Amino acid sequence: MPSVESGETKTLNKFEKFKAEKDGLDVKDELEHFARIGWEAVDKTDLEHRLKWLGIFYRPVTPGKFMLRMRTPNGILTSQQLHVLAEIVQRYGTDGSADITTRQNIQLRGIRLEDIPDIFQQLHSVGMTSMQSGMDNVRNITGSPVAGIDVDELIDTRELVKQVQDMITNKGEGNYAFTNLPRKFNIAIEGGRDNSVHAEINDIAFVPAYKDGQLGFNVLVGGFFSAKRCEAAIPLNAWVPPNQEVVNLSRAILTVYRDKGLRANRQKSRLMWLIDELGIDNFRQLVEEELAATLSEAAAKDEIDWEKHDHIGVYKQKQARLNYVGLHIPVGRLQAEDMFDLSRLAEVYGSGEVRLTVEQNAIVANIPDENLELFLAEPLLQKFAIAPQALERALVSCTGAQFCKFALVETKNRALALSKELDGELEISHPVRIHWTGCPNSCGQPQVADIGLMGTKVRKDGKTVEGVDLYMGGKVGKDAQLGTCVQKGIPCEDLLPVLRKILITDFGAKVK
Ligand code: SRM
Ligand code: SF4
């Protein structure tokens, strides 16, 4: 079937073909069958692609051991949910683990396809879903990790994030209206002052802004990273109040993207390419037509006026005598016993709520003053510190070669080892945000980091070795800006002295 784009007729790419043949969501009804026949017998396209519509990721690096990507709206989990996730991971022994992701979400590893029907029932029983979390769908919707408890919060986004997710996924049951987008799609709804969600790198971002004295959101569109191009989001010149209009506008933008988005070349299918093609004013007009309403013009300025917080440590909540405590989870990796423990701690000392951050860390919320001392003495806080060293504290890493076939380098373990070594050598007065990403897809967001490291292959002494391209200048919080590549092709084995020098010259580090 040909599609018309920019006046040209092009043949559908293989992704558009298989989506047209059978919607990804259709495999939902085949899970029992897949479980019976075993993963080796599943049709290749169902196995490698369509299952991702349900959050089930075949891992070519570890065949038969799948990754399950959840949805965690606003990054909030109950202790009961975390306990269930821990039980799921536990049954896979040393194959089982979980990762907190750069979208404030959690992914489970080691999953066997034959267990999926049972796992989905378990998830359903605690109100969780993995629906539409991969491929050409809307990813986990992010919000401030301290929504509803932040002393300085402007808008509590928890309910809005949930409503947008429910609209897109039909309350987690799956929604054919949005299962055939031209490409992946990211939404963030920020309610705080510090841009905790990296609004600028989302396809739609709602950021707090006052219009005529009323608090609502300015809307940004088109932010994204890809191997080919990275762009910060641009203003849609629209303002919405913090209510159903956020859901309606999200639906309208998604509908325009679904119906008009470019589909011939997958490298040019993200929303910004459509905005380029139409012009932002025409795009806005199409959105208004879809809404059947006139959009309010944007407020003159937004309220993102703080530097970004990392939420690690102990903080007073807006509720009297309650505290939240941010724990540093090294590169976001969790084992089953950590998850059981975290769930228990949240239950015993707090209200049972655990929150995830885009820095791949966790927050235990609602801890009364009188429980704080005992909480802080818990052995788990030796492992998940509240005052980690400066480099480890701000370290972020994508999955990398251990589980991802796109990876050009090993990331998480290497990132952690290097940071520990440099923390040992150097005195650094403030955290330096180092982000690792295993390939140009940029899942680890090197462009938002003080120092970003993107995996590549490098020639050294006649051999191909693992290396990185170095990014610098990423600015987060207010006036966020994307960093750029400043040096290409550093072999990983030569990276330590390069980083040491940068930390000393650019970030004021001193040799101990
Ligand atoms: Fe990503 C593909 C992991 C956040 C851009 N990403 C992948 C896949 C699914 C590739 C694959 O099948 O192996 C990776 C799964 C590896 C695994 O086993 O974990 C993967 N992406 C991740 C996570 C887990 C990285 C992490 O360690 O935290 C993040 C999961 C977020 C979530 O909960 O949904 C993750 N990915 C991101 C982000 C960051 C963000 O959203 O803020 C980006 C850049 C922002 C963006 O998308 O605009 C990102 N991932 C990509 C891309 C490039 C997209 C493009 O338009 O070209 C791909 C490749 C693709 O989609 O074709 C990709
Ligand atoms: Fe995999 Fe590349 Fe994404 Fe890292 S950046 S998770 S290596 S796709």
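1. A polar contact is a pair of N or O atoms within 3.5 Å, and by that criterion arginine 103 deserves attention at the outset, since a polar side-chain atom of this residue lies 3.0 Å from an oxygen atom of ligand 1. The model is a predicted one, and the distances in this note should be read with that in mind.

2. Two further side chains can be considered alongside arginine 103. Arginine 183 places a polar side-chain atom 3.0 Å from an oxygen atom of ligand 1, while for glutamine 360 an N or O atom of the side chain is 3.4 Å from an oxygen atom of the ligand. Among the secondary-structure elements, strand E4 (66–69), strand E7 (106–111) and strand E12 (224–225) are those that give two or more residues to the shell around ligand 1.

3. As for the shell as a whole, 30 residues surround ligand 1, and those that come nearest are Thr101, Arg109, Lys184, Thr399 and Cys443. Sorted by class, the shell has nine nonpolar, twelve polar and nine charged residues.

4. Strands E4 and E7 also belong to an open sheet of five strands, which are arranged in the order E3-E4-E7-E6-E17 with antiparallel pairing. At the edges are strand E3 (56–57) and strand E17 (333–334), each of which pairs on one side only.

5. Within this sheet, strand E6 (residues 97–100) pairs with E7 in the antiparallel sense over four bridges, and alanine 98 stands opposite leucine 108 in E7.

6. Finally, helix H5 (residues 116–125) lies across E3, E4 and E7, and the helix runs at about 20° to E4.

Terms used
Residues numbered from 1 in each chain as written. Chains lettered and ligands numbered in written order. Predicted model: local features only at pLDDT ≥ 70, side-chain atom pairs only at ≥ 80, totals over all residues. Heavy atoms only, no water. Near = heavy atom within 4 Å. Polar contact = N/O pair within 3.5 Å; in protein donor to acceptor, adjacent residues only side chain to side chain. Nonpolar A, V, L, I, M, F, W, Y, C, P; charged D, E, K, R; others polar. Pairing = 2+ DSSP bridges. Contact = heavy atoms within 4.5 Å. Axes fitted to C-alpha atoms, helices over the stretch in contact; angles between N-to-C directions.
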